[in-house]
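Biologist: Could we go through this model together? I have a few questions about single residues and about how some helices pack.

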Amino acid sequence: MSSPSFNLRCYGRASSVDRHAFAQWVLPVQGELAFELEGRCVRLDRLQGAFVAPMAGHAQSATDHDRFLIVDCPASMFDADTLARLHRQPVLALPAEVRGMAQRVGSTPQEQVDDDTVRRELPRLLQAFSLAGSATRLQAVCARIEHAPGEAWPVERIAGEVGVSSSRLHALFRQAFGLSPQNWLSASRLRWARGRLASSDASIAQIAQHAGYSEQSALTRALRREWGMTPGDYRRRYRSAQ
């Protein structure tokens, strides 16, 4: 491809593995996506997106009421260091500015997403994940939290991973994500739990424990608050869509 493009898509049941020569961002607007990238299965939602490097194998599966902004870019738009960094760490904690951009474009009918939209919005995306991007410094610790959300992650530990004081960490998270570190951790734990509810036969109590919740009822309260359903409801809804 010679020029970037923005496309709004709704995904259905599991797709086959795809590869393409251009780079791609997958930015959730509504709902969530079970995303397989080079053999790694992750879950994407409005706080977490993905970068697909050129020729990286990927597949996806979603339920009803999903909507995603797909940004296709020629690899030539990236410097070598940025492309290599995104290739190494393709699961992305989405900065507040990127989430806002995805919501703006995602609320627009596809036929109105024109070249002017791309010229206006793409620089925000490129800047957000450049070396100077507000969330770049935090991507590594967010990835470690995402990998093991059930571990103890007090603010002091997260701050130590980043190499700043606890107060500075709060400021960095607020600036980048519009959330506190503990709110980000809570979202990661709930995302992990949703993935296990959808993909495993483990009991809800086991999932709650391994996700870092004090008890099953804490997971139930969190899922009902954020998604309007109980863990059992969520599992049945997801399985019925497969």
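Biologist: Which residues does Ala 62 touch, not counting residues up to four places away in sequence?

Modeller: Bearing in mind that this is a predicted model, Ala 62 touches Tyr 11, Gly 12, Arg 13, Glu 32, Leu 33 and Phe 68 once residues up to four places away in sequence are set aside.

Biologist: And where is Ala 62, and is it buried or exposed?

Modeller: Ala 62 lies in strand β6, and it counts as buried because its relative accessible area is 3%, where the cut-off for buried is under 20%.

Biologist: How far is Ala 62 from Leu 44 in space?

Modeller: Their C-alpha atoms are 9.9 Å apart, while in sequence the two residues are 18 residues apart.

Biologist: Moving on to Gln 24, which strand is it in, and is it buried or exposed?

Modeller: Gln 24 sits in strand β2, which covers residues 23-30, and with a relative accessibility of 4% it counts as buried.

Biologist: What does the side chain of Gln 24 make a polar contact with?

Modeller: The side chain of Gln 24 makes a polar contact, at 2.8 Å, with the side chain of Asp 72. Asp 72 also appears in the wider contact list of Gln 24, which leaves aside neighbours within four places in sequence and further includes Arg 9, Ala 50, Phe 51, Val 52, His 58, Ile 70 and Val 71.

Biologist: What about His 65, where is that one, and is it buried or exposed?

Modeller: His 65 is in the loop between β6 and β7, the latter being residues 67-73, and at 59% relative accessibility it counts as exposed. Not counting residues up to four places away in sequence, His 65 touches Gln 30, Gly 31 and Arg 237. The C-alpha atoms of His 65 and Tyr 11 are separated by 9.2 Å, although these residues are 54 residues apart along the chain.

Biologist: Turning to the backbone, what is phi of Glu 38 near, and what about Met 55?

Modeller: Phi of Glu 38 is near 50°, and phi of Met 55 is near 70°; in each case this is a positive value in a residue other than glycine. Glu 38 is in the loop between β3 (33-37) and β4 (40-44), whereas Met 55 is in the loop between β5 (48-52) and β6 (58-62).

Biologist: How accessible are those two?

Modeller: Glu 38 is partly exposed, its relative accessible area being 47%, and Met 55 is likewise partly exposed, with 45%.

Biologist: Now the helices: at what angle do α5 and α6 pack?

Modeller: Helix α5 (residues 155-162) packs against helix α6 (residues 166-177) at about 80°, with the axes 9 Å apart, so α5 is roughly perpendicular to α6. From α5, Val 155, Glu 156, Ile 158, Ala 159 and Val 162 meet Ser 166, Leu 169, His 170, Leu 172 and Phe 173 of α6, and by class this contact has seven nonpolar, two polar and one charged residues.

Biologist: And how do α4 and α7 pack?

Modeller: Helix α4 (residues 139-147) and helix α7 (residues 181-199) pack at about 40°, their axes being 9 Å apart, and they are therefore oblique to each other. Their crossing is right-handed, with the contact made by Cys 142, Ile 145 and Glu 146 of α4 and by Trp 184, Leu 185, Ser 188 and Arg 191 of α7.

Technical notes
Residues numbered from 1 in each chain as written. Heavy atoms only, no water. Helix = DSSP H or I, 4+ residues; strand = E, 2+ residues; numbered from the N terminus. Buried < 20%, exposed > 50% of the residue type's maximum accessible area, 1.4 Å probe, protein only. Polar contact = N/O pair within 3.5 Å; in protein donor to acceptor, adjacent residues only side chain to side chain. Contact = heavy atoms within 4.5 Å. Axes fitted to C-alpha atoms, helices over the stretch in contact; angles between N-to-C directions. Parallel < 35°, antiparallel > 145°, perpendicular 65-115°, else oblique. Left-handed = near helix turned anticlockwise from the far one by under 90°. Nonpolar A, V, L, I, M, F, W, Y, C, P; charged D, E, K, R; others polar.
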